[in-house]
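Trainee: I would like a close look at one strand and its surroundings. Please start from the chain as a whole and then work inward.

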Amino acid sequence: MSHESNEGKLTRRNFLGASSAALAAAGVNSVAGLPEQDPSQPGYQRRKSDPGPTNPELDAQNQSSFDPPPTDAGGVLPFKYPFSFSHKRLHSGGWSREVTVRELPVSKSMAGVDMRLTAGGVRELHWHTAAEWAFMLYGSARITAIDNDGKSFVADVKENDLWYFPTGIPHSIQGLHPDGAEFLLVFDDGNFSEYATVLLSDWMAHTPKDVLAKNFGVPQSSFEKLPEKELFIFQDVVPGPLEADQKAAAGKRGLSFQDFAFRTMQAPPNKRSKGGEVRIVDSRNFKAAATIAAAIVTVKPGGIRELHWHQNADEWLYFISGKGRMTIFATGGRARTMNFQAGDVGYIEKTLPHYIENTGDTDLKFLEMFKSGVYQDLALSEWLTHTPPELVMAHLKIDRAVLDAIPSDEVDVMPE
């Protein structure tokens, strides 16, 4: 569904209840086309005060909503949801929480799960109806799977490593010594839920024991201790050496030739500048990742992920560390700025221009995720510098010296 049609529904739904209040808040100046938040207008400081009941902690974390920049205008749907607001599903071997289209309605194409496993904690054998892309946030884990030929894959992953399991590929995850793991799972379906997964224990619990006996060629009594419901996450002993698990799982078929894991830090960044760096992971350098592309971005204090947009897919963001703010410019002269910090999820609809600025005093690190096998973006600077100069100067009312100072190549993170 296009952004325009979404906006249309929002306007019709809210019109009767909100139009009078909106007109009162906007005043004559809005009708005249003046900025909604103009600090030069008389009484501006008094109008933005909030003497009624407030949540000061949330206001402090969301300054751009509490006191929007004067360039914000119109109605842009919220594009932020903190994992801290999500229900945490607790188990003996760890926990999980999710952000889907149900928590963040604009996030239609992708969903995410934050999961923690203790040392020995197991995310049980399962598969999904959506593809799974994962990024290791902390610790180390062992992942297992079989490929489409039934050959085994077993590997250990650590912080900054990632993996990708296509739809229907059965797999498991287990925390290792000394303190297990925490990782982010991203799925190429906004309606995805961890509550709707094909789990080994659940499947067996809903299959008659006489059918299991016939299927496996063993006595029915072999299944007397089967769990009566799903395990999901459970505690087990920490597995032994990787080589032993690989040998045991390989059997007569041998190990899979497909590597479902990617060691992110073994390759240099795709772009590096004074302002930070960008590492791109897509099907061109990680062949398993057929439907999800990613950029791992670091912005240094004072830096900015330059003004840009993505041509081929919506963008799902996860903030790993630091603090920042992002402005999205939408059609119809609308713009909105929101603040982000570690653990927050953001979402930008396809082709909408935006930037992300580091507002803290430490590095801002985040993931950009796309439902596409190939990463694509275009920067405002490269557009302006590869358009006839006279045309650009006529639009922006700038002189040639200013235009010549604009970087002619995409920098990704400014300053150069």
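What percentage of the residues in the chain are buried? After that, please take strand S23 (residues 364-370) in detail.

Mentor: This is a predicted model. Buried residues account for 46% of the 416 residues in the chain. The secondary structure consists of 10 helices and 25 strands. The chain exposes about 21000 Å², and 57% of that is supplied by carbon and sulfur atoms. Of the contacts in the chain between residues at least 6 apart in sequence, 76% join residues at least 24 apart.

Now to the strand itself. In S23, 7 of the 7 residues are buried, so the strand is largely enclosed by the rest of the structure. Buried here means under 20% relative accessible area. The cover extends to both faces of S23. On one side, Leu364, Phe366, Glu368 and Phe370 are all buried; on the other side, so are Lys365, Leu367 and Met369. The charged residues Glu368 and Lys365 are thus listed on opposite sides, each of them buried.

Next, the pairing. Strand S16 (residues 293-299) runs antiparallel to S23, and 7 bridges join the two. In this pairing, Ala294 stands opposite Met369, a residue that is buried on the side shared with Lys365 and Leu367. Strand S18 (residues 315-321) also pairs with S23 in the antiparallel sense, over 6 bridges. Here Glu315 stands opposite Phe370, and Phe370 is buried on the side that holds Leu364, Phe366 and Glu368.

How values were computed. Residues are numbered from 1 along each chain as its sequence is written. This is a predicted model: local features need pLDDT of at least 70, side-chain atom pairs count only at pLDDT 80 or more; totals for chains, interfaces and linings use all residues. Side-chain values use heavy atoms; hydrogens and water are left out. Buried means under 20% relative accessible area, exposed over 50%, partly exposed in between (1.4 Å probe, protein chains only). Helices (H or I, at least four residues) and strands (E, at least two) are DSSP runs, numbered from the N terminus. Two strands pair if DSSP finds at least two bridges between them. Contact means heavy atoms within 4.5 Å. Accessible areas come from the Shrake-Rupley method with a 1.4 Å probe; for residues, only the protein chains shown count as cover.
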